[in-house]
Amino acid sequence: MKIIGEKKPIVGVTEMYSVVNFNGVLFTSNMNKVTYAWYIFKKYKNGAFVNVTKNNIPKTGQSVPYSFGYNVEYRLDIYKLEKELLTQKDKASFAASYFVNPTKKSSKAEIKKVVIYNKGAKNVDLAGIGNSLTVRVECINMVNKQVKVHVWNAEDKSEPNLMNSRLVDINEKGIGLTQFNVMQLLSPTESMNLMIGNIKAIGFFVTATYEEQSVNNKAPVVVVSQYQSIADIFENARSMSSYNDIDTPEESTNGKCPRCEILTLTELDEIFTSATLQEKSALLNAFNLANKNFGLNSCQQKAHFFAQVLQEIGPEITIKNGESLDYAVEKLPIHFANFSTTKKLNGSPNELAFKYGRIDQKNINLLKEKYNKPHLKFQKSEPEFIANVAYSNRKDLGNGDFYSGDGWKYRGRGIIQITGKDKYVKINSRIKSDLPSFNIIVDANNINNMKEGTIASMAYWKEYGCKNKADEGIERINLDNIVDIVNSNTPTRNDRWENLKKTVKIFKVKECNGDEIKNTNTIDSLKWHDPVENPICTLYMQSGGGGDYGKHWGLFGKTRDGSTHYGLDFYAYPGTHIFACVKCEVVEVRSSTNAERGYGKQLFLKVLDKETFLSHYKKYSLLYPKLEYDMIGDFSKNKDIVLHYAHLRKVYVKKGWIINNVDIPIGETGVSGVNKGEKQDGTAAPHLHFEIRNLNTKNRINPGFFIDFKNYNTMSDSQRKNQENTAKKGKIYEFNGQKDTYKDESDYL
């Protein structure tokens with residue numbers, strides 16, 4: 001297929017642009033079950049093309065009219081729309097781009113073009129007896145003048161009369177419009193023959209005249225006897241000799257990745273797989289309007305930004321009227337310290353939680369038994385009160401007290417859930433500074449609009465430092481640094497990491513000429529995977545204490561006040577994904593109830609790809625030679641090697657499964673099995689306990705010889721700060737973990 005149309009139209013004059021086959025003939029769209037969506041982009045002085053599609057709603061059809069208002073370059077992007085078999089929703093795929101360079105107006109008065117069509121129909125070239133036909137005249141330098149139009153029958157070329165001829169006024173845009181009823185154009189005999197099927201079709205042309213000029217349209221509108229049932233058999237044989245073929249867009253030659261500075265609908269199609277074309281178009285338009293102003297004009301920045309946006313609004317682009325806050329009683333202290341008896345996250349629910357939280361069939365028995373509340377009754381949550389308790393008197397948000405209502409008014413809104421009164425002040429200041437042409441004050445009343453919400457989120461991205469963190473790379477720590485800014489207490493970090501891995505592929509970050517990727521071994525490794533992403537050792541003890549003791553507390557050896565630690569502890573907030581290092585077989589899964597004391601839920605994998613595993617053996621200099629061990633017992637590389645994961649929350653795999661694709665997570669970290677003396681306890685230092693051992697023995701080797709982890713001296717300030725913040729929040733309790741949820745075994749093959 002190719003695009004045809006005038007490449008150098010006169011400014012202000014409407015031209016038709018069409019999708020045709022390589023022989024220059026229009027497709028028969030009803031037969032192919034497809035149509036096309038057209039977007040128009042205008043090139044600005046900075047070289048960027050910005051979507052100027054009216055109201056973000058594309059024109060649709062195989063042929064569409066365009067009038068260009070300026071003497072600058074334009075780009076038409078055309079997407080093929082096909083109905084999905086099951087959902088019957090439009091599925092869009094990029095078809096082609098077409099570049100147009102309008103020329104300045106001439107001083108000569110002339111009729112440029114006249115067309116006749118069935119406005120609003122799927123195929124504008126076909127009509128029924130009950131339709132009206134629209135005539136459109138396009139002129140140059142003829143404002144307020146009149147053009148005579150005459151509609152005539154293709155069979156007998158009827159003479160002008162009161163029913164088929166009239167004068168049309170030309171407006172300030174050079175356009176004249178009028179309509180003719182098909183029944184008025186037909187003779188009684190023609191009408192009857194069409195209705196009973198004696199005549200299958202009649203074609204109508206139009207002629208426009210002004211002074212000595214006379215212009216005809218190039219193809220008729222065909223009036224058929226049964227428009228809906230036989231429309232597919234008609235094909236428009238327009239003469240296309242005056243049109244030019246499509247140009248292939250040139251690749252960037254300035255050394256900069258050509259994808260960096262523009263967001264495309266194709267990319268959004270892959271991210272927001274369930275959204276409507278209109279929703280994606282609105283997002284596309286707003287983003288491309290300002291991405292360069294706010295520093296989101298690189299593939300890496302786009303990948304990070306949309307990893308967060310996808311988590312907040314989902315693949316269907318659902319922008320709710322503010323954060324819902326419909327929380328059950330027991331969930332409130334997980335998210336908000338003000339609902340916790342300890343005034344820290346993850347404590348027991350306090351009286352405010354019981355007053356405002358939801359109680360229903362799912363949690364009433366749990367609450368009665370666990371918290372000794374036998375008289376509880378079902379109740380709905382009170383989101384407004386929850387918001388005002390959760391977000392009131394927050395210096396970091398700038399909200400007033402409970403009675404000010406700021407908590408509810410400034411709860412999370414928009415495509416990145418912007419929360420807090422102060423954020424609106426800073427965001428508007430950033431917009432005024434970096435995008436002064438955007439003359440809209442963003443507030444809680446308009447931030448859920450796609451345009452205002454997208455601009456506000458981009459301004460937030462730059463103002464609050466997300467841009468700087470995104471520039472640092474695409475590792476898990478880079479994502480976590482952004483999440484710490486956007487929503488530090490969210491339980492969805494793993495989901496956001498999966499989003500980033502997806503968007504890195506969609507935006508082709510690793511192929512991008514304009515981005516510097518600092519770690520090319522983070523995503524898409526098929527033969528080796530660290531047990532957790534970007535492993536770092538723990539710096540704190542179970543109690544939350546740290547200092548010098550914390551620096552070696554999680555290392556392998558006699559590192560715990562003289563007691564021996566048989567593995568290596570990697571800091572991991574509960575819910576962090578775990579992975580097989582190489583191809584393995586699941587040989588055992590243990591729950592907290594059948595595990596040795598202190599290990600909790602566990603997973604044991606036998607290494608099948610020993611060659612790859614042993615190739616990762618490296619020199620490891622003991623950080624604390626007097627405390628750490630090289631190995632315990634008589635570990636041998638010639639015997640079966642087992643990877644041991646402990647303190648898990650969930651396991652995704654079953655005994656006997658083969659794990660070949662090491663990029664698919666096999667479970668989640670937790671705090672199961674943590675004891676204090678003989679009693680169940682929690683920990684302020686959540687981690688994965690990881691061992692490398694020989695099968696059915698106590699012989700172990702220091703995992704530091706295989707896992708390239710970061711210690712206190714080599715991890716970043718933000719990584720140290722992240723652990724410190726976790727420790728300060730207090731102990732996390734989940735002794736038995738959670739119910740295992742299994743993936744499909746085929747996912748790992």
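## Helix 17 and its surroundings

In this predicted model, helix 17 is largely enclosed by the rest of the structure, because 10 of its 14 residues are buried. The buried positions include charged and polar side chains, among them Arg-493, Asn-494, Arg-496, Asn-499, Lys-501 and Thr-503, as well as Trp-497, Leu-500, Val-504 and Ile-506. The helix covers residues 493-506, and at 1.5 Å a residue it should span 20 Å, which agrees with the 20 Å between its end C-alpha atoms.

Lys-501 of this helix forms a salt bridge with Glu-533, the closest N and O atoms being 4.0 Å apart. The pair links distant parts of the chain, since Glu-533 lies in the loop between helix 17 and helix 18 (547-553), 32 residues apart from Lys-501. Lys-501 has a relative accessible area of 12% and therefore counts as buried, the cut-off being under 20%, and Glu-533, also at 12%, is buried as well.

## Other salt bridges

Across the whole structure, a search finds 30 salt bridges. One of them joins Glu-73 to Lys-43, with 3.5 Å between the closest N and O atoms; this pair also links distant parts of the chain, with Glu-73 in the loop between strand 6 (63-67) and strand 7 (74-83) and Lys-43 in strand 3 (residues 34-43), 30 residues apart. Lys-43 is partly exposed, with a relative accessible area of 32%.

A local arrangement is found in helix 20, where Asp-717 and Arg-720 lie 3 residues apart, about one turn of the helix, and their side chains meet in a salt bridge at 2.3 Å, N to O. Asp-717 has a relative accessibility of 57%, and so it counts as exposed, for which the cut-off is over 50%. Elsewhere, salt bridges that share partners join Arg-430, Asp-434, Lys-462 and Glu-463 into one network.

## Aromatic contacts

The whole structure contains 34 aromatic pairs according to the search. Tyr-617 and Phe-706 form an edge-to-face pair, with 5.5 Å from centre to centre and 70° between the planes. The two residues are 89 residues apart and link distant parts of the chain: Tyr-617 is in the loop between helix 19 (610-615) and strand 24 (631-632), whereas Phe-706 is in the loop between strand 31 (700-701) and helix 20 (717-728). Tyr-617 is partly exposed at 46% relative accessibility, while Phe-706 is buried at 4%.

Both residues belong to one aromatic cluster, whose members also include Trp-528, Phe-570, Phe-613, Tyr-620, Tyr-645, Phe-690, Phe-705 and Phe-709. Lysine side chains lie over aromatic faces as well: Lys-551 is placed over the face of Tyr-712, at 4.1 Å from the ring centre, and Lys-654 is placed over the face of Tyr-742, at 4.6 Å from the ring centre.

## A nonpolar surface patch

On the surface, Met-192, Met-195 and Ile-196 form a nonpolar patch, and together these residues have about 320 Å² of accessible area. Met-192 is found in helix 3, which covers residues 188-196. With a relative accessible area of 45%, Met-192 is partly exposed, and it therefore passes the cut-off of over 30% that is applied to patch residues.

Terms used: Residues are numbered from 1 along each chain as its sequence is written. This is a predicted model: local features need pLDDT of at least 70, side-chain atom pairs count only at pLDDT 80 or more; totals for chains, interfaces and linings use all residues. Side-chain values use heavy atoms; hydrogens and water are left out. Patches are made of residues with over 30% relative accessible area and no salt bridge: like charges are joined within 9 Å, nonpolar side chains (Val, Leu, Ile, Met, Phe, Trp, Tyr) within 5 Å. Accessible areas come from the Shrake-Rupley method with a 1.4 Å probe; for residues, only the protein chains shown count as cover. Helices (H or I, at least four residues) and strands (E, at least two) are DSSP runs, numbered from the N terminus. Buried means under 20% relative accessible area, exposed over 50%, partly exposed in between (1.4 Å probe, protein chains only). Rings of Phe, Tyr and Trp (its six-membered ring) pair if their centres lie within 6.5 Å; planes under 30 degrees apart count as stacked, over 60 as edge-to-face and the rest as tilted. A charge sits over a ring if NZ of Lys or CZ of Arg is within 6 Å of the ring centre and within 35 degrees of the ring normal. The expected span of a helix is 1.5 Å times one less than its number of residues.
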